[in-house]
Structures are given as C-alpha cells and as structure tokens.
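Reader: Please take me through this structure in short steps. I will ask, and you give the reasoning before the result.

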Amino acid sequence: MQPGECLALLGTSGSGKTTLLKMVNRLIEPTAGEVRVRGKSTRDWDPIALRRSIGYVIQDVGLMPHMTIRQKRRACR
C-alpha cells in the first residue's frame, strides 16, 4: 500500500476478518506463515509500537455504541 491508501476487509461471517486483525495487531500469533506490516513481520515489531502505527474502525455498534449514526458522523468531521 501507498501512504494515504485505505484497505477494507470484506467477507462473510466466519471468514477470518477478526482473526486477521488480531494477527495484524499481535493479539494472537499465526500458527503458520507470517503477517507483514510495512514490509516487516509483525513478530519483529514491538507490539505497542505496531499497534500505535495502525488504525482501524470496528463495524456496527462496536464503535461508540452510545452514539447515534448522526452523532458519529458529526464527531468524525
């Protein structure tokens, strides 16, 4: 990816989206292969530095569940 680009993970329920995000953030370790962020294996990153360098948005009610959609849109402007 290039600076300023966004990535979206789309898939049906159970397809592994959450598992992948947990692996990217080093919340769980892959059982095979490796996950790379900015060309570097996540195992080689300091977990805190890795997490601080990544941003992601949770779908549905997981993000600011106390706010309405209208309130969320205003807050993100």
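Reader: Is Ile-28 buried, exposed or partly exposed?
Author: Classes go by relative accessible area: under 20% is buried, over 50% is exposed, and in between is partly exposed (1.4 Å probe, protein chains only). Ile-28 has a value of 34%, so it is partly exposed.

Reader: What pLDDT do side-chain atom pairs need here?
Author: Residues are numbered from 1 along each chain as its sequence is written, and side-chain values use heavy atoms, with hydrogens and water left out. The model is predicted: totals for chains, interfaces and linings use all residues, local features need pLDDT of at least 70, and side-chain atom pairs count only at pLDDT 80 or more.

Reader: Where does Ile-28 lie, and which residues does Ile-28 contact beyond its neighbours within four places in sequence?
Author: Helices (H or I, at least four residues) and strands (E, at least two) are DSSP runs, numbered from the N terminus. Ile-28 sits in the loop between H1 and E1. Contact means heavy atoms within 4.5 Å. With neighbours within four places set aside, the partners of Ile-28 are Thr-19, Lys-22 and Met-23.

Reader: Which residues does Met-23 contact, on the same terms?
Author: Again, neighbours within four places in sequence are left aside. Met-23 then contacts Ile-28, Pro-30, Val-35 and Thr-42.

Reader: Which residues make up the largest nonpolar core?
Author: A nonpolar core is a set of buried Ala, Val, Leu, Ile, Met, Phe, Trp, Tyr and Cys residues joined through side-chain atoms within 4.5 Å. In the whole protein of 77 residues, 14% count as buried. The largest core has 6 residues: Met-23, Val-24, Val-35, Val-37, Trp-45 and Leu-50.

Reader: What pattern do the helices and strands follow along the sequence?
Author: The protein has 3 helices and 2 strands. Read along the sequence, the pattern is α-β-β-α-α.

Reader: Which residue of strand E2 touches Glu-34, Val-35 and Arg-36?
Author: Residues up to four places away in sequence are not counted. The residue is buried, at 6% relative accessibility. Its side chain also makes a 3.4 Å polar contact with that of Glu-34 (N or O atoms within 3.5 Å; within protein, one must be able to donate a hydrogen and the other to accept it, and residues adjacent in sequence count only if both atoms are side-chain atoms). It is Ser-41.

Reader: How far apart are the closest N and O atoms of Glu-34 and Arg-36?
Author: These two residues form a salt bridge (a side-chain nitrogen of Lys or Arg within 4 Å of a carboxyl oxygen of Asp or Glu). Glu-34 is partly exposed at 45%, and Arg-36 is partly exposed at 48%. The closest N and O atoms are apart by 2.7 Å.

Reader: Which residues are joined into one network by salt bridges that share partners?
Author: The structure holds 3 salt bridges. Arg-26 and Glu-29 meet in one at 3.3 Å, N to O. Glu-29 forms another with Arg-43, with the closest N and O atoms 3.4 Å apart. The network is therefore Arg-26, Glu-29 and Arg-43.

Reader: How far apart in sequence are the parts tied together by Glu-29 and Arg-43?
Author: Glu-29 is partly exposed at 37%, and Arg-43 is partly exposed at 41%. Glu-29 lies in the loop between H1 and strand E1 (36-37), and Arg-43 in the loop between strand E2 (40-41) and helix H2 (47-52), so the pair ties together parts separated by 14 residues.

Reader: Which residues form the nonpolar surface patch of about 410 Å²?
Author: Patch residues have over 30% relative accessible area and no salt bridge; like charges are joined within 9 Å, nonpolar side chains (Val, Leu, Ile, Met, Phe, Trp, Tyr) within 5 Å. Leu-7, in the segment before helix H1 (17-24), is exposed at 65%. Leu-20, in helix H1, is partly exposed at 33%. The patch is made by Met-1, Leu-7, Leu-9 and Leu-20.

Reader: What share of the exposed area do carbon and sulfur atoms supply?
Author: Accessible areas come from the Shrake-Rupley method with a 1.4 Å probe; for residues, only the protein chains shown count as cover. The protein exposes about 6600 Å², and the carbon and sulfur share is 55%.
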